[in-house]
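Subject: Structure handover

Hi,

Here is the structure I promised to pass on. Please load it first, then read my notes below.

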Amino acid sequence: MQPLADNNIILDTDSYKSSHFLQYPAGTRKLFSYLESRGGRYPATRFFGLQYILKRYLSVRVTAEMVEEARELITAHGEPFPYDGWMHIVTAHGGKLPLEIRAVPEGMLVPVHNALMTVTNTDPAVPWLPGWFETSLMRVWYTTTVATQSYYLREILKAALEQTSDRPAEELPFKLHDFGSRGVSSRESAGLGGLAHLINFQGSDTLEALRTGRNYYGADIAAFSIPAAEHSTITSWGKAHEVDAYRNMVEKFSKPGSVYAVVSDSYDLKYAINTHWGETLRQQVIDSGGTLVVRPDSGDPASMVRLAVRALAAKFGTTTNSKGFMLLNHVRVLQGDGVDEDSIREILQNLIVDGFSTENVAFGMGGALLQKVDRDTQRFAYKASAALIDGPEGEYFQPIYKDPVTDPGKRSKDGVLDLVREGQRLVTKQYQTFDTEYPDSVMRVVYRDGEVLVDETLEEIRGRA
């Protein structure tokens with residue numbers, strides 16, 4: 001038994017897709033499909049991640065060896081295989097996929113129920129090709145959903161900072177740090193989800209996101225981090241020498257302008273703040289010139305942050321800013337445990353009620369940021385919506401849609417679709433012909449016949465976001 005090639009993009013589909021070339025009406029020459037969010041948790045989606053899919057996968061040229069490998073596997077698997085069609089792609093197109101993909105610009109915020117991407121074949125010999133690549137193209141749901149959730153969390157943090165901070169624009173990019181790398185299913189998920197978060201923020205401990213950003217989005221350094229302790233680096237000193245572990249952090253990492261984080265709940269958070277940080281090491285922390293970030297990591301998030309901020313204020317003092325909120329001197333708090341939208345809202349509200357600037361606290365988010373989303377979070381769907389068919393009486397346009405009586409929310413759109421701007425609104429247009437010039441479209445052709453036609457940098461996408 002021979003291993004299968006990792007780069008055989010023919011195999012990146014669902015098994016049943018291989019039988020579809022026999023199922024479309026005779027004479028079908030062209031199919032048109034689209035991607036949309038049919039609703040979900042958020043009222044709009046921040047589109048991101050298609051460029052990676054196109055560059056990483058759809059730029060691979062299909063070879064005769066790939067076709068033979070796919071035929072052998074898929075027929076043994078129990079499905080028919082469009083051998084002639086795939087060999088036609090190899091011989092007539094040099095292995096380049098005869099597809100045209102149009103999409104909204106990455107980073108754009110689009111209300112739900114609108115077309116985000118459209119796909120059609122450019123060679124009438126392979127009209128089943130847009131459906132074959134539904135599986136791989138649909139995966140843009142992941143990066144788009146992570147980017148969307150991250151954006152809405154950013155809006156929550158932005159509003160709180162604008163209310164309570166003198167420098168919201170400087171603080172916002174680093175208020176939600178990505179801790180999610182170990183909590184996702186794969187290295188690729190870490191890179192893609194981590195980078196999706198970084199179109200909204202600039203703080204991350206997911207190194208794989210930096211690699212993905214550099215290789216696929218022209219980002220030299222996509223995010224930044226700071227030296228930080230974990231429980232092992234503190235508890236390896238032993239409970240009797242906990243304060244020495246903290247002292248070591250100050251001596252190794254604190255200097256004027258620096259920021260360093262120390263998890264402080266290994267034994268007793270309250271004692272660590274009031275005695276170790278607030279008395280024994282207080283002057284050393286102040287004199288070193290850096291900013292100490294104390295990290296609670298257990299207990300109820302809102303209660304622990306409230307405890308930490310109040311205790312640090314009592315020991316290190318505060319300064320009142322121009323908006324009347326207190327800012328901790330020399331220290332901050334980082335909450336990285338149990339962070340989600342609800343706990344962020346509660347922590348921010350507690351800070352405001354207590355008279356503290358929300359600038360005092362940053363958040364680290366792990367599984368809830370990169371893993372606790374799925375395709376149904378925003379109800380993503382990829383559907384065929386139009387066909388061009390040669391019939392007995394000549395060529396005709398066939399609208400395609402479904403309208404299940406058991407679930408009206410799954411009614412799909414029909415026609416050749418485009419997204420246009422009408423005043424302040426984005427509207428999906430539905431044309432009943434393939435012969436359209438797409439007037440006033442916000443979509444762009446990003447891929448045609450094996451070539452990626454739009455290659456944007458992360459900074460360009462961030463600017464749009």
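The largest pocket holds about 1,100 Å³ of space. Keep in mind that this is a predicted model. The pocket is lined by 37 residues, and H177, F179, I226, A261 and L334 are the closest to its centre. Five elements give two or more residues each to this lining: α7 (168-171), β7 (259-263), β8 (291-295), β11 (331-335) and β12 (361-365). By class, the lining of the largest pocket has 14 nonpolar, eleven polar and twelve charged residues.

The second largest pocket has a volume of about 410 Å³. Its lining counts 22 residues, with Y24, S33, K383, A384 and I400 closest to the centre. At least two lining residues come from each of β1 (28-37), α4 (129-132) and β13 (380-391). Of the elements, β13 gives the most, with five residues. The class split for this second pocket is eleven nonpolar, seven polar and four charged.

Next, the sheet. Five strands form an open sheet in the order β6-β12-β11-β8-β7, with parallel pairing. Its edge strands are β6 (176-178) and β7, and each of them pairs on one side only. From one strand to the next, the twist averages 30°. Three bridges join β6 and β12, in the parallel sense. Within that pairing, L176 stands opposite F363 in β12.

Two helices are worth a look here. Helix α14 (residues 301-316) packs on the sheet and touches β8, β11 and β12. The direction of α14 makes about 170° with that of β11. Helix α15 (residues 341-353) also packs on the sheet, touching β6, β11 and β12. For α15 the angle is about 170° with the direction of β12.

Now the enclosed spaces. Searching the whole structure gives four cavities of 30 Å³ or more. The largest cavity has a volume of about 90 Å³. Its lining is made of L50, Q51, L54, V104, P105, E106, R444, V446, V454 and E456. Two elements give two or more residues to it, α1 (50-58) and β17 (444-448). The most come from α1, with three residues. Six of the lining residues of the largest cavity are nonpolar, one is polar and three are charged.

About 50 Å³ of space lies in the second largest cavity. The residues around it are A302, V305, R306, V309, R310, I347, N350, L351, D354 and F356. The helices α14 and α15 each supply at least two of these. The largest share, five residues, comes from α14. By class, this lining divides into six nonpolar, one polar and three charged residues.

Last, the aromatics. There are 14 aromatic pairs in the structure. One of them joins F81 and W132: the ring centres are 6.3 Å apart and the planes stand at 75°, so the pair is edge-to-face. F81 sits in the loop between α2 (64-76) and α3 (83-93), and W132 is in helix α4, so the pair ties together parts that are 51 residues apart in sequence. Helix α4 is also one of the elements that supply at least two residues of the lining of the second largest pocket.

Over to you.

Best wishes

How values were computed. Residues are numbered from 1 along each chain as its sequence is written. This is a predicted model: local features need pLDDT of at least 70, side-chain atom pairs count only at pLDDT 80 or more; totals for chains, interfaces and linings use all residues. Side-chain values use heavy atoms; hydrogens and water are left out. On a 1 Å grid over the protein atoms alone, a cavity is a set of points where a 1.4 Å probe fits but cannot get out, and a pocket is an open set with protein on both sides within 12 Å along at least five of seven lines; lining residues have an atom within 4 Å of a point. Grid points are joined across faces, edges and corners, and a volume is the space filled by probe spheres set on the points. Helices (H or I, at least four residues) and strands (E, at least two) are DSSP runs, numbered from the N terminus. Ala, Val, Leu, Ile, Met, Phe, Trp, Tyr, Cys and Pro count as nonpolar, Asp, Glu, Lys and Arg as charged, and the others, Gly among them, as polar. Two strands pair if DSSP finds at least two bridges between them. Axes are lines fitted to C-alpha atoms, for helices over the stretch in contact, and angles run from 0 to 180 degrees between N-to-C directions. Contact means heavy atoms within 4.5 Å. Rings of Phe, Tyr and Trp (its six-membered ring) pair if their centres lie within 6.5 Å; planes under 30 degrees apart count as stacked, over 60 as edge-to-face and the rest as tilted.
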